[in-house]
Amino acid sequence: MTYFLGIETSCDETAAAVFTDDLTVLSSVIASQTDLHARFGGVVPEIASRAHLRNLLPVIDEALSRAGIGTADIGCVAVHNTPGLVGALLVGVSAAKMLSLGLGVPLVAVNHVASHIFACRLAAGRDIYPCLGLVVSGGHTALFRCDNALSMDLVGGTRDDAAGEAFDKVAAILGLGFPGGPAVEREAAAGDPKAYAFPRAFLDDARLEFSFSGLKTAVLYACHGQNVAKAIPPPAGQKRADLAASFQAAVVDVLVTKCKQALRKTSLARLAVGGGVSANKGLRSALEAMCEKEGAELFIPPLSLCTDNAAMAALAVEKWKRSKFATPDLDAEPNFL
Ligand code: KG4
Ligand code: ZN
């Protein structure tokens, strides 16, 4: 049995996990930086990097201790080296390289977005490939054809904002704070999703593309009118709940429709969903209903595996089995490779 140490530092969660080559997760530790970034209304890259520097070694220690192993037991180090904030990724990549060299064990680099889809494989406990992968996070909204765990062909992506980014920005417009996704979801529970007819970009278009920037602007105008230069306090009460519910309904409608179109176009019979926005209950239930109608199998991991974590870096096991190791010159790559 080989023990893997997985490391994740791509954005604002410092995470480490221990898993084995049969994909058993022995521990998964996440130190969230939400409190540090909240007063800025979003993730501040420099603050994120510094917090990773402070938190990573204690988080690794905790992951090893919860798994009941020591550093000498680690047989492979896995790290997300792309995509993400470059300074944040660098902390994880540097630590992973140092550990791999110091312990004399292989280093495996994994793609954070591919790992989000692999989280579905981890949670299911069985093969999920070939599948259509939907990744909906703060940085990404994209559909992929995944023939196996290590192959991802882009089927469609966003032209501008990611869905999670739109949630975060709409939360700021509505005065709901950071992080926006869970706050908008809570607010939407008391609202009418039909109160505002917000735009649904490319909904009836055969192209598998997304755009959330116009939707965000529509919410802004619905709040304040077009005179946005004036400092106006955010809406409150029922109006705010209705805006949140109508915004969320538009995002869910677009994501579910594009998944349906992509399933039909690719003839894939499985849909695997990952990324922070997949924690949204409205999205989860709408995807369930659509997949049932389409006769497709839906995989969405439990909430703990939806948002950023290091357990999903168990994708590294697939590379390790094929001896696809990284070299000591491994770099952090902010853009999707
Ligand atoms: O995957 P993730 O943890 O980090 C990135 O790789 O970006 O995703 C974070 C994103 C944020 O934009 C956050 O607002 C959104 O996921 N999110 C949600 C929910 N929980 C997190 N969006 C909608 N509903 C939620 N419940
Ligand atoms: Zn992510």
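In this predicted model, a convenient place to start is the salt bridge in which the side chains of R50 and E46 meet, with 2.7 Å from N to O. Both partners belong to helix α2, which spans residues 45-67. R50 and E46 are 4 residues apart there, about one turn of the helix. This pair is one entry in a longer list, since the count of salt bridges comes to 15 by the rule applied.

From this single pair, the view can widen to the whole chain. The domain assignment divides the protein chain into domain 1, made of residues 3-116 and 307-321, and domain 2, covering 128-305. Domain 1 is thus written as two segments of the sequence, and domain 2 as one. Taken over C-alpha atoms, the centres of the two domains are separated by 27 Å.

Where the domains meet, 17 residues of domain 1 are in contact with 14 residues of domain 2. Together the domains bury about 1300 Å² between them, and carbon and sulfur atoms give 73% of that area. On the side of domain 1, the residues that lose the most area to domain 2 are V113, H116 and T307, which together account for 41% of what that side buries. As for polar links, no salt bridges are counted between domain 1 and domain 2, while 2 residue pairs are found in polar contact across the interface, both at pLDDT 80 or more. Three helices each supply at least two residues of the side of domain 1 that touches domain 2: α1 (34-38), α4 (112-124) and α11 (316-321). By class, this side of domain 1 has 7 nonpolar, 7 polar and 3 charged residues.

H116, already met at the domain interface, also appears at a metal site. The zinc ion (ligand 2) is coordinated by H112 and H116, each through NE2, and by D308 through OD, at 2.0 to 2.2 Å. In sequence, these donor residues follow the spacing H-x3-H-x191-D. H112 lies in helix α4, whereas D308 sits in the loop between α10 (303-306) and α11, so this pair ties together parts that are 196 residues apart in sequence.

A few details of the backbone complete the picture. Two cis peptide bonds can be described, each leading into a proline. One joins T82 and P83, with omega about -15°, and P83 is found in the loop between β4 (74-82) and α3 (86-103). Another joins F178 and P179, with omega about 0°; P179 is found in the loop between α5 (163-173) and α6 (180-188). A further loop residue worth a look is F202, placed between α6 and α7 (213-224). The phi angle of F202 is near 60°, a positive value in a residue other than glycine.

Terms used
Residues are numbered from 1 along each chain as its sequence is written. Chains are lettered from A and ligands numbered from 1 in the order in which they are written. This is a predicted model: local features need pLDDT of at least 70, side-chain atom pairs count only at pLDDT 80 or more; totals for chains, interfaces and linings use all residues. Side-chain values use heavy atoms; hydrogens and water are left out. Domain bounds come from an automatic or database domain assignment. Contact means heavy atoms within 4.5 Å. Buried area is the accessible area (1.4 Å probe) that two parts lose on being put together, summed over both. A salt bridge is a side-chain nitrogen of Lys or Arg within 4 Å of a carboxyl oxygen of Asp or Glu. A polar contact is a pair of N or O atoms within 3.5 Å; within protein, one must be able to donate a hydrogen and the other to accept it, and residues adjacent in sequence count only if both atoms are side-chain atoms. Ala, Val, Leu, Ile, Met, Phe, Trp, Tyr, Cys and Pro count as nonpolar, Asp, Glu, Lys and Arg as charged, and the others, Gly among them, as polar. Donors are N, O and S atoms within 2.8 Å of the metal (3.2 Å for Na, K and Ca); water is not among the atoms, so sites may look incomplete.
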